[in-house]
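Please look through the model shown below, with its sequence alongside. The paragraphs that follow lead through one sheet, its surroundings, the partner chain and the contact between the chains.

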Amino acid sequence: MLRGVMRGGAVVLALPFLDYFLDTNGTAIAASLGGGRMPVRFGTWFWGCGMIPGRWNPTKAGSAYDLPAQLAPLKPVQQHVSILSNFAVPLEGQANSPHYSGNIAIRTGSAAEGWQKIAAPTLDVIISDAIGSGSVFRSLDLSPSGNPRTSYSYRNGSSQNAAIPTPLEMYQKIFGTDFHDPNAAAFTPDPHYMVRKSILSGVTDERRKLMQRIGAADRARVDQYFTSVREIEQKLALQLEKPPPAEACRVPAKPQEIAASTDITQREAGHKVMADMLAMALACNQTKVFNMTFSEALAELRSDGSTTGYHQSTHEELTDRTLGYQPTVDKFATQCMGAWADFVTSMAAVKEGDGTLLDNMLVFAHSDVSFAKNHDPNGIPMMTAGRAGGKIKAGIHINGNGDSVTRVGLTLQQVMGVPADAWGAAGSRTNRTLTELLA
Amino acid sequence: MTGDRVNRQIKLKWLVAGLSAAVFAWASVNAAQRGSENTTPAADAAAVTPQLFRLTEAQYRASIADIFGADIRVAGRFEPDLRVDGLLAVGGSTISVTRGGFEQYEAIARTIADQVTDPAHRGTLVGCGPSAVDPDGRACAKTFFERVGLRLYRRPLGPSEIALAMKNWDDARQQLGGDFYVATSAALSGLLSGMEFIFRIENTTADPARPGARTLDAWSRASRISYLLWNSTPDEELLAAAKSGALMTDAGLAAQVDRLMASPRFINGARAFFDDYLRFDDLNTVSKDGTIYPRYRAAVTGDAREQTLRTIVDLLIVKRGDFRDLLTTRQVAMNGMLSPLYKIPVDQKGWAMHEFGPNEPRAGILTQIAFLAGHSHPGRSSATLRGKAIREILMCDPIPAPPANVNFTVVQDVNNPKLLTARARVQAHLDDEECASCHKRMDPMGLALENYDGAGQYRTSENGVPIDATGELDGVKFDGAVQLGQALRNNPKVSACLVETALRYSFGRRLTAMDDGMLARLKTQFSTDGYHVPDLIRAIVLSPTYYAVTPAVKRPRRLAQLAAGAKG
């Protein structure tokens, strides 16, 4: 797809639509899986409402960094996690839109006041476009929140990739009737997939005429629709072939449904189930890209019985004069890091090749603000986990010293094979790779 | 209340309303004709007019129920709809379908097609099969696709569409063992997965009333009015009116509009509008702390939504009441799930209308649980969220996001011994100049609702201090929710906002300067005719402007030359 910017608005030329008329069978795509090196998977892990800087930022740079109180839950997985502190979000003269600007800048390379106004796709979509095509799912968008809108993955401002919002739905989507165990001895192609694929590939004269008479905005929407259809066709094509064996793949049991909740302890429980299931989805080659949204930007988390939730507490709780910080906020932020440690543990627990699944992953974790009380977009906490198949270092702390967050986004894309030499809009555009992170 | 009774009541009222609407329609024709001088060629017009509207989940479900029957299960999670400019209806003309979303549509399509062709339904819904004269059932399949295709695509299938359905049927039959119904199911799932079903796609034709201009064609008109008035697909009579060309005439259009509005199904259309207008889809994610609000069980939220919608339908559609009375009515739909929260004894399991007494503290939809609990936190009320909702939803007055570096600590500290009530806490907003510019527009109205906690239950004090629910709106003072409702009822911004929202909803797009004339006329008519919402909707759908294709804004000559690649 060709993209450009004209008078501030994104312009999308409809190449995929033309592509759609071509008949491909996806065989070449399937061949890219297996066959030696393990694929490197990319994912994001998001939590809302940031942290308290003095209780989160390590003081020591490099390896063996210190773990301040809010990072204490990372101790068992510290060797897998790199900390990216003190990077800045260039607002480019725009207002700081609370809980939006920072999150959007980290994910799209340009701050915007709201998701509907973004000018480019989010990082995960760019990376999924580059590497996601050989998998059953181009991407898995997940959240234990119970709300499919809890997702920060966007193709454009009007196209949000909705989250699978519960463990049971996640199981049914990935390991339900369409799942093929890559290690099963026998494989019989199901002709239903062929029929389904053939049906989706049909094009009528009426559609061709429609494309000629609709306006540019509608044309872009139709183009996206056909791109989506095409991706499902490719998925069906993959399901007609025997999947390559995956040594680490163990098909998980169907989980008990855990009711979605805003209570943080219950949220953690649902998240853990989804994290374990995701680890197997990755090990079983179901996807190479994912987004896990633990909590919303305006974190709706709370503790049962309390009148004031996490987000409200960030703004309302008084700083304890003895402690020097907001104790309730501190507790929530620390618990979120506990959930992140759980996630890393789930990925590291799967043996794959000579190492672990996590070694063949690049997980990018971040929040929407640093100090939530004043919606600070600078110093938003960011982390990576995994070694991206040996391409990046793990277990180090990099102090960004106020450099633009776009350096991080650019580096992630480059590590994942996106042919990008620069990233970001206007003044935040950068071509400076974060070389300290590279192995 | 029976459907027939509703039907009779609506018909009777329309005899009265029809005359004024006809006069309005005539005026609109003249206005549109006067404006035709400025219209530009259709190609430009198409560039600025959305022609694709993704069906909302409710519309998809209703369409399937209407075409195949209510017992056909639509199982699966739909891609969320998008709210733009306050309405999901507007979002429908900006969104497409993501890969995850399409996967769901395709899966849902297969489950529907399998049910339509299963032994329990095939006799009625397919209606034919292999026979002596049609041994493989090919002729039957073609007839079926033509018939059901008309309903699904809301227009006759074109030759290549029928050919594709038959090709799919042949392929499936060949590859899946030759069974007629298996093949029919597969090909039907193709029609159901098609963008022509998932989207309502509008087409235009030359406007006979405005030479050189374009207007919606008859099939597109049928869909537009059906999804507006019934929130569902056109029925066979409406499609027949499209086929005959009747919908392209004023009389034929009016006859169908009146038929649709006289049907009990008009209630579905009205409910869909008010559900979108009040942003009730947000209630899907409302949850309350069970420790703090033990009476608020999980099922309450859905019933609260239903309560307000039933109250609205009773007042505005069944009784043809004044829209403004929604803010003061003491009539409310009630059931046994909700009555404990209102602290009133209701024994019956189902719904019944209940009337609050003149001294009871409940009047109008703002004092109902859907609004009160929907605009609160899980464990407490929020004067600001409620005030913001009143401003944005009822007054079309958007509130900007708060400044990024605001310090809320003092204003919201519930543990501060000096700030025991919401009023004391938000007063600090009003003492801060930067905060006050927005909060003075929200908080006074929100504070008038402080007699209701985060679950919508009545209270007279907070933390042992009596609640002060006084305030002022545009010079009108009030004390408590009942008087606030009265002040809003009489505020012209509220009725003007309803008209504006109804027009945006009806068009399914943002309004532009081109719509100013129509909007002004509708506002005037709404107030002079007694604030009847059905009359407003009827005036919109009978206006030729409603079907006119919005022309492009004429580009300056220099810009046009540049665009055409001209030199100099």
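Which residue is the bridge partner of Ser85(A) in β14(A)? The partner is Asn399(A), and this pair is a convenient place to enter a model that is predicted, in which local features need pLDDT of at least 70, side-chain atom pairs count only at pLDDT 80 or more, and totals for chains, interfaces and linings use all residues. Residues are numbered from 1 along each chain as its sequence is written, while chains are lettered from A and ligands numbered from 1 in the order in which they are written. The predictor assigns the complex an ipTM of 0.88 and a pTM of 0.87.

Strand β5 of chain A (residues 81-85) runs parallel to β14(A), and 3 bridges connect them; strands, like helices, are DSSP runs numbered from the N terminus, with E over at least two residues for a strand and H or I over at least four for a helix, and two strands pair if DSSP finds at least two bridges between them. Strand β14 of chain A (residues 396-399) is also joined to β4 (residues 62-63) of chain A, here in the antiparallel sense and through 2 bridges, with Ser63(A) opposite Ile396(A).

These pairings belong to an open sheet of 8 strands in chain A, ordered β4-β14-β5-β13-β12-β3-β9-β6, in which the pairing is mixed. Because β4 and β6 (140-142) of chain A each have a single partner strand, they stand at the edges, and one side of each is left without a neighbour in the sheet.

Further along the sheet, β3 (residues 41-46) and β12 (residues 361-366) of chain A run parallel and are joined by 6 bridges, one position of which sets Gly43(A) opposite Val363(A). Strand β3(A) also pairs with β9(A), again in the parallel sense, over 5 bridges, and in β9(A) the bridge partner of Gly43(A) is Phe290(A). Phe290(A) in turn stands opposite Leu140(A), in keeping with the parallel pairing of β6(A) and β9(A) over 3 bridges.

Is β9(A) enclosed or open to its surroundings? All 5 of the 5 residues of β9(A) (residues 289-293) are buried, so this strand is largely enclosed by the rest of the structure; a residue is buried if 20 or more other C-beta atoms, placed from the backbone, lie within 10 Å of its own, exposed if 12 or fewer do, and partly exposed in between. Val289(A), Asn291(A) and Thr293(A) point one way from the strand, whereas Phe290(A) and Met292(A) point the other way.

Two helices of chain A can be read in similar terms. In α6(A), the buried residues include Met170(A), Tyr171(A) and Phe175(A), and what covers the buried residues of this helix includes β6 and α10 (264-283) of chain A. Helix α9 (residues 216-238) of chain A has 20 of its 23 residues buried. The ends of α9(A) are 33 Å apart between C-alpha atoms, which agrees with the 33 Å expected for 23 residues at 1.5 Å a residue, the expected span being 1.5 Å times one less than the number of residues.

Asn161(A) lies in the loop between β8 (159-160) and α6 (167-175) of chain A, and counts as buried because 25 C-beta neighbours lie inside 10 Å. Beyond its neighbours within four places in sequence, Asn161(A) is in contact with residues of both chains, among them Ser139(A), Asp141(A), Thr98(B) and Gly100(B), where contact requires C-beta atoms, placed from the backbone, within 7 Å.

The contact between the chains takes 56 residues from chain B and 54 residues from chain A. On the side of chain B that touches chain A, α8(B) gives the most, with 7 residues.

Chain B has 26 helices and 10 strands, and buried residues make up 49% of its 568 residues. Its domain assignment, which is automatic or taken from a database, gives domain 1 (52-200) and domain 2 (275-489), whose centres over C-alpha atoms are 43 Å apart. The average pLDDT of chain B, the predictor's confidence in each residue from 0 to 100, is 86, and 84% of the residues score at least 70. However, pLDDT stays under 50 over residues 1-47 of chain B and over residues 552-568 of chain B. Where pLDDT is low, the predicted coordinates should not be read in detail.

Terms used: Two residues are in contact if their C-beta atoms, placed from the backbone, lie within 7 Å.
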